[in-house]
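Me: Hi! Could you walk me through the ligand sites in this structure, one step at a time?

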Amino acid sequence: MKEIDAYVAGLYAPPDEALTAALRESEWAGLPRINVSASEGRLLQMLVEISGARRVLEIGTLGGYSAIHFARALPKHGALVSLEREERHAEVARRNVERAGLSERIEIRVGDARDALAGLVENGEGPFDLIFIDADKEGYPEYLAWSLRLSRPGTLILGDNAIREGSVIDPNDPSALAMREFNEKLAKDPRLSALILPLIRERIDGLAIARVR
Ligand code: SAH
Ligand code: DHB
Ligand code: MG
């Protein structure tokens, strides 16, 4: 799987200086290596491009690797708001984003995503054109509910790690409970049209893609 992933990424998602530096600095700072893969980053960009998204919301910044992908795909006056609980992660991300020359398009908000999402709703900062959920997996069902409140018809709601090495098909795996609930909500909510796209990473995973009707 690793070799296949490397083959595809070598063709369609070759690394450049800013992305390589972002991963290197994240590693030096001791951040966990749980960023999206290079090919998934390309997929996120493609989804921004084909949806014409201008305002993107990300839940879970880490070192800004996926944020850099999003911001690069946005049109001139597009903007990304990215939510991150850990100040330490946000600090690394800000440096990575600055180095990539994207500070003007990316706003990182530090704090628990639940509070930040409530703030976005309260201040009427929605709707967003695309929302990428990639923070703590236990929070996914709640983040979906907030995302729907920050959506308009046509908004794309994406959920990373929808398959997680297949743990979601084990009904006895407690760590996968919330992800199962999230996937079922996406499948059943009449307001959404959804699917899961399986992805090759080091292990198998998937991206849930839902469109608000
Ligand atoms: N999207 C990133 C990876 C995010 S990893 C990328 O692909 O590059 C998940 C991040 O979510 C971590 O940085 C973690 O600190 C953050 N996180 C976890 N729980 C959170 C919460 N409740 N609110 C905000 N951020 C949270
Ligand atoms: C984990 C989290 C992620 O967002 C991811 O893409 C991969 C792994 C994790 O918490 O293990
Ligand atoms: Mg993820």
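**The metal site and its neighbour**

Me: Which protein residues are the donors of the magnesium ion (ligand 3)?
Reply: Happy to help, and do keep in mind that this is a predicted model. Donor atoms of the protein lie 2.0 to 2.2 Å from the magnesium ion. They belong to Asp134 (OD), Asp160 (OD) and Asn161 (OD1).

Me: How are these donor residues of the magnesium ion (ligand 3) spaced in sequence?
Reply: Asp134 sits in the loop between strand E4 (130–133) and helix H7 (140–149). Asn161 is in the loop between strand E5 (156–160) and helix H8 (177–188), and this pair, 27 residues apart, links distant parts of the chain. Written as a pattern, the spacing of the donor residues is D-x25-D-N.

Me: Of the nonpolar, polar and charged classes, how many residues of each are in the shell around ligand 2?
Reply: Let's list the residues around ligand 2: Ile34, Asp134, Lys137, Asp160, Asn161, Arg164 and Arg201. Sorted by class, they give one nonpolar, one polar and five charged residues.

Me: What share of the accessible area of ligand 2 does the protein cover?
Reply: Start with the contacts to oxygen atoms of ligand 2: a polar side-chain atom of Asp134 lies at 2.8 Å, and one of Arg164 at 3.2 Å. An N or O atom in the side chain of Arg201 is 3.1 Å from an oxygen atom of this ligand. On its own, ligand 2 has 290 Å² of accessible area, and the protein covers 69% of that.

Me: Which pocket does ligand 2 take up?
Reply: We have met the residues around ligand 2, Ile34 and Lys137 among them. The space that this ligand takes is the largest pocket.

Conventions:
Residues numbered from 1 in each chain as written. Chains lettered and ligands numbered in written order. Predicted model: local features only at pLDDT ≥ 70, side-chain atom pairs only at ≥ 80, totals over all residues. Heavy atoms only, no water. Near = heavy atom within 4 Å. Polar contact = N/O pair within 3.5 Å; in protein donor to acceptor, adjacent residues only side chain to side chain. Areas by Shrake-Rupley, 256 points an atom, 1.4 Å probe, with all protein chains shown as cover. 1 Å grid on protein atoms, 1.4 Å probe; cavity = no way out; pocket = protein on both sides within 12 Å on 5 of 7 lines; lining within 4 Å. Sits in = over half its atoms within 2 Å of the grid points. Nonpolar A, V, L, I, M, F, W, Y, C, P; charged D, E, K, R; others polar. Donors = N, O, S within 2.8 Å, 3.2 Å for Na, K, Ca; no water. Helix = DSSP H or I, 4+ residues; strand = E, 2+ residues; numbered from the N terminus.
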